[in-house]
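Ready to practise reading a structure? Work through the exercises below, trying each task yourself before you look at its solution.

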Amino acid sequence: MLVDFELIKRAQAGDSAAFNEVVLAYRKRTLGTIARLISRPEDVEDVAQEVFLRLYFSLDQLRTAEVFEPWLYRLTVNAAYDYLRKHRRRMESRMSDLSEQQVMLADAVAGGRVDHEVRQQRQVRETVDALLSAVSEADRILLTLKEVEGLSLKELEKIYRVNENALKVRLFRARQRVLKALGEAGDESRGKGTAKAEI
Amino acid sequence: MSNYRNNRGDANAELNTLFQAYRAACPETEPSANFMPEIWRRIEDRQRSMFFLGRWARAFVTAAAVLSLGMAAYLYIPKGHNTIISVESYVEAIAAGHAVDSAEFIDPSLDEL
């Protein structure tokens, strides 16, 4: 827990200063989670604000302060899911669609000013984003929480409110779909390689 | 078969490595200076719209209640013509309704024809 239970109880009772402190404590973590869930840097802050807005108006429904973190994760997942449903991710990235940071990065890469590590990181992000866009929003969110955020099955149980076995099945299926997409991407790149070699 | 398993195992390991690398490759997202003020602005906007919605809903409920009471009163208060207790017989009522056909207005000369 990043804050003590007392602060959450005060926020629940309508103390604005306490709510402010809760947001300040959790905003960075929430922004990071949303960034990994939606992969569109320009909209991360907007979705995070929506999460805290929902938190403000639903705090009174929180039964105990002990379950605050899974509750916040749940709100984050729901907001990310709503966002992804509204803005179906496009497979291709157009320059007009990129954030300022991404445009600068793309320019720098083109100019050869970015070192090898940065280029590699960008490649990893693009690869995983492409793989995750090949599966449904629900699979994407579940896999990101488990494999990237590193949440345990117990934590996921509290967020999704389903038992461990059901979660394991969902995770297995989601993973299979991503593996299939990975296999297809591998076949495609090998095909291109062969075609190039023939030319 | 074992080749297939090896391939699946390799793909799983590759996916795990990719996810780990992805976590490391995602940059830290720093909140902008406008983050907190914007949250409070949105909270106040929502509260304002909820307040107006609440007022509108209360006004609607009041109007609906008044209308219902009015309709109930209209339906249950006895109407004026229902209170007249008729003492006429059926024949008297028919005769009253067809006053032109009564005997005193029939021309006696017509009987002779």
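**Exercise 1.** What is the handedness of the crossing of helix 2 and helix 4 of chain A, and which residues make the contact?

*Solution.* Keep in mind that this is a predicted model.
- Step 1: Locate the pair. Helix 2 of chain A covers residues 16–38, and helix 4 of chain A covers residues 68–86.
- Step 2: Look at the axes. Those of helix 2 and helix 4 of chain A come within 10 Å and cross at roughly 35°.
- Step 3: State the handedness. The crossing of helix 2 and helix 4 of chain A is right-handed.
- Step 4: List the contact residues. Helix 2 of chain A uses Tyr26(A), Thr30(A), Thr33(A), Ile34(A), Leu37(A) and Ile38(A), while helix 4 of chain A uses Leu72(A), Thr76(A), Ala80(A), Tyr83(A) and Leu84(A).

**Exercise 2.** Describe how helix 1 of chain A packs on helix 2 of chain A.

*Solution.* Two packed helices are described by the angle between their axes and the distance between the axes.
- Step 1: Begin with the distance. The axes of helix 1 (residues 5–12) and helix 2 of chain A come within 7 Å.
- Step 2: Add the angle, which is roughly 130°.
- Step 3: Classify the angle. It is over 115 but not over 145 degrees, so the pair falls under oblique. Helix 1 and helix 2 of chain A are therefore oblique to each other.
- Step 4: Give the handedness: the crossing of helix 1 and helix 2 of chain A is left-handed.
- Step 5: Name the partners. Leu7(A), Ile8(A), Arg10(A) and Ala11(A) come from helix 1 of chain A, and Ala18(A), Phe19(A), Glu21(A) and Val22(A) come from helix 2 of chain A.

**Exercise 3.** Which residues touch the most other members of the largest nonpolar core, and where does this core lie?

*Solution.*
- Step 1: Find the best-connected members. The core has 45 residues, and Ile34(A), Val47(A) and Ala80(A) touch the most other members.
- Step 2: Ask which element gives the most. That is helix 2 of chain A, with 9 residues.
- Step 3: Place the core. Domain 1 (1–88) and domain 2 (95–199) of chain A both give residues to it, so the core lies between them.
- Step 4: Zoom in on Val47(A). Leaving aside neighbours within four places in sequence, Val47(A) is in contact with Ile34(A), Ile38(A), Ala79(A), Ala80(A) and Tyr83(A).

**Exercise 4.** Decide whether Ser39(A), Arg161(A) and Ala13(A) are buried or exposed.

*Solution.* A residue is buried with 20 or more other C-beta atoms within 10 Å, and exposed with 12 or fewer.
- Step 1: Take Ser39(A), in the loop between helix 2 and helix 3 (41–58) of chain A. With 21 other C-beta atoms within 10 Å, Ser39(A) is buried.
- Step 2: Take Arg161(A), in the loop between helix 8 (153–160) and helix 9 (164–198) of chain A. Arg161(A) has 9 C-beta neighbours inside 10 Å and counts as exposed.
- Step 3: Check the backbone angles. Ser39(A) has a positive phi of about 55° although it is not a glycine. Arg161(A), also a residue other than glycine, has a positive phi near 55°.
- Step 4: Take Ala13(A), in the loop between helix 1 and helix 2 of chain A. Ala13(A) is exposed, with 10 other C-beta atoms within 10 Å.
- Step 5: Look across the chain. Ala13(A) and Leu59(A) are 46 residues apart along the chain, and their C-alpha atoms are separated by 8.8 Å.

**Exercise 5.** Set out the secondary structure and burial of each chain.

*Solution.*
- Step 1: Count the elements. Chain A has 9 helices and 0 strands, and chain B has 4 helices and 0 strands.
- Step 2: Turn to burial. In chain A, 29% of the 199 residues are buried; in chain B, 4% of the 113 residues count as buried.
- Step 3: Consider sequence separation. Among contacts in chain A between residues at least 6 apart in sequence, 60% join residues at least 24 apart.

**Exercise 6.** How many residues does each chain bring to the contact between chain A and chain B, and which helix of chain B gives the most?

*Solution.*
- Step 1: Count both sides. Chain B brings 21 residues and chain A brings 26 residues.
- Step 2: Find the helices of chain B involved. Helix 1 (2–25) and helix 2 (35–76) of chain B each supply at least two residues.
- Step 3: Pick the main contributor: helix 1 of chain B gives the most, with 9 residues.
- Step 4: Examine one helix pair. The axes of helix 3 of chain A and helix 2 of chain B come within 10 Å and cross at roughly 50°, which makes the two helices oblique. Their crossing is right-handed.

Note on methods: Residues numbered from 1 in each chain as written. Chains lettered and ligands numbered in written order. Predicted model: local features only at pLDDT ≥ 70, side-chain atom pairs only at ≥ 80, totals over all residues. Core = buried A, V, L, I, M, F, W, Y, C linked by C-beta atoms within 7 Å. Domains from an automatic or database assignment. Contact = placed C-beta atoms within 7 Å. Axes fitted to C-alpha atoms, helices over the stretch in contact; angles between N-to-C directions. Parallel < 35°, antiparallel > 145°, perpendicular 65-115°, else oblique. Left-handed = near helix turned anticlockwise from the far one by under 90°.
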